[in-house]
Amino acid sequence: MKVLLDILILLVGFVALIKGADWFVDGSAAVARKFRVPGVIIGLTIVAMGTSAPELAVSTSAAIQGSNEIAISNVLGSNLFNLLMVLGICAIIHTVPVNDIIVKRDYPVNLIITVILILFTSLPALMKGGLFRHEMSDNVGEVSRVAGICFLVIFIVYIILLIRNARKNRTEEEEEVAPMPGWKCLVLILVGIGCIVGGGEAVVYGAKNIALAAGMSETLVGLTIVALGTSLPELVTSIVAAHKGQTDMAVGNVVGSNLFNILLILGVSCTIHPISVNLANVLDGFILLGVSVITLAFLLNGRKIKRWEGIVMVALYVGDMVFAVLR
């Protein structure tokens, strides 16, 4: 009976995510047209923050409760899922063009932040020279409160730069679509965020209960089930955005969400409580960096992600999940 209830919660969560993403993209696109802000900027800010809300809620709650493995595994797993599954599935459905701003500014920042995270988590153990002598579950370092504050400062500076850029790059062309009333934009965005957050939490709740009942570790749960559940908003929102022709918003949403996951979510979580890191987390960080470099190569290949590249990305994610389960 309990399993049936968890399955029902999962299904309700999926429905809420799909409808919430649809309303949220409609409202955000209307805001972009109303204020002549480029869609890529909307994707990097409003959409990315809205779809990152489940990760923020889960990781912050996990940090407060002392579930460090879930807190950091959720962020690493979500970023892997965003890069490989979200962009991969979007590319399989339709070739995804990539804005030059993403390639020249935002994605390099994403790579640098990922490297900084790896240094915070693995540098102490690397300096001692015994990083890979540990078991996967052994603690080898931590993301300190100072690191969390640094991430938050970088996040604030990044947002300020985005806002300044948006003001300088307002679109001037006339739109054929009838403008949406301001109140309706606000309602769609708020209701959409509510459904996305609620749906994500419902999916995580049901999936986590089933996973823990099967005897999975917190690290594995955070990297797979929780990361999948909290990343579903990015997946659904980006697919809906691509279907509606908002390709800049789809790619911008993924890159923005990954930046926010590290800078805002880990920043807040570590500021509240330092997060211990085990060897599995460090390894996942290096895997995330490798995947980020591969994705960059795809982005630079003709400034678009092609269908065959999307298939490769999805296959890489499946392989990584198999490795995570077997290790």
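Helices here are DSSP runs of H or I with at least four residues, strands are E runs of at least two, and both are numbered from the N terminus. This is a predicted model, so local features need pLDDT of at least 70 and side-chain atom pairs count only at pLDDT 80 or more, while totals for chains, interfaces and linings use all residues. Residues are numbered from 1 along each chain as its sequence is written, and side-chain values use heavy atoms, with hydrogens and water left out.

**View 1. The whole chain, with 11 helices and 4 strands.** Of its 327 residues, 52% count as buried (under 20% relative accessible area, 1.4 Å probe, protein chains only). The accessible surface (Shrake-Rupley, 1.4 Å probe) comes to about 14100 Å², and 70% of that belongs to carbon and sulfur atoms.

**View 2. Helix α7, residues 182-213.** Its 32 residues reach 47 Å from first C-alpha to last, close to the 46 Å expected (1.5 Å times one less than the number of residues). After α7 comes G215, with a positive phi near 85 degrees.

**View 3. The largest nonpolar core, 71 residues.** A nonpolar core is a set of buried Ala, Val, Leu, Ile, Met, Phe, Trp, Tyr and Cys residues joined through side-chain atoms within 4.5 Å. I72, L87, Y107, L117, V143, L266 and I305 have the most contacts inside this one. Helix α4 (residues 68-93) gives the largest share, 13 residues. Apart from this core lies another, of 6 residues, including I70, V204, A211 and V226.

**View 4. Around L87.** Leaving aside neighbours within four places in sequence, L87 is in contact (heavy atoms within 4.5 Å) with N82, V251, V254, T295, I305 and M313.

Definitions and conventions: Buried means under 20% relative accessible area, exposed over 50%, partly exposed in between (1.4 Å probe, protein chains only).
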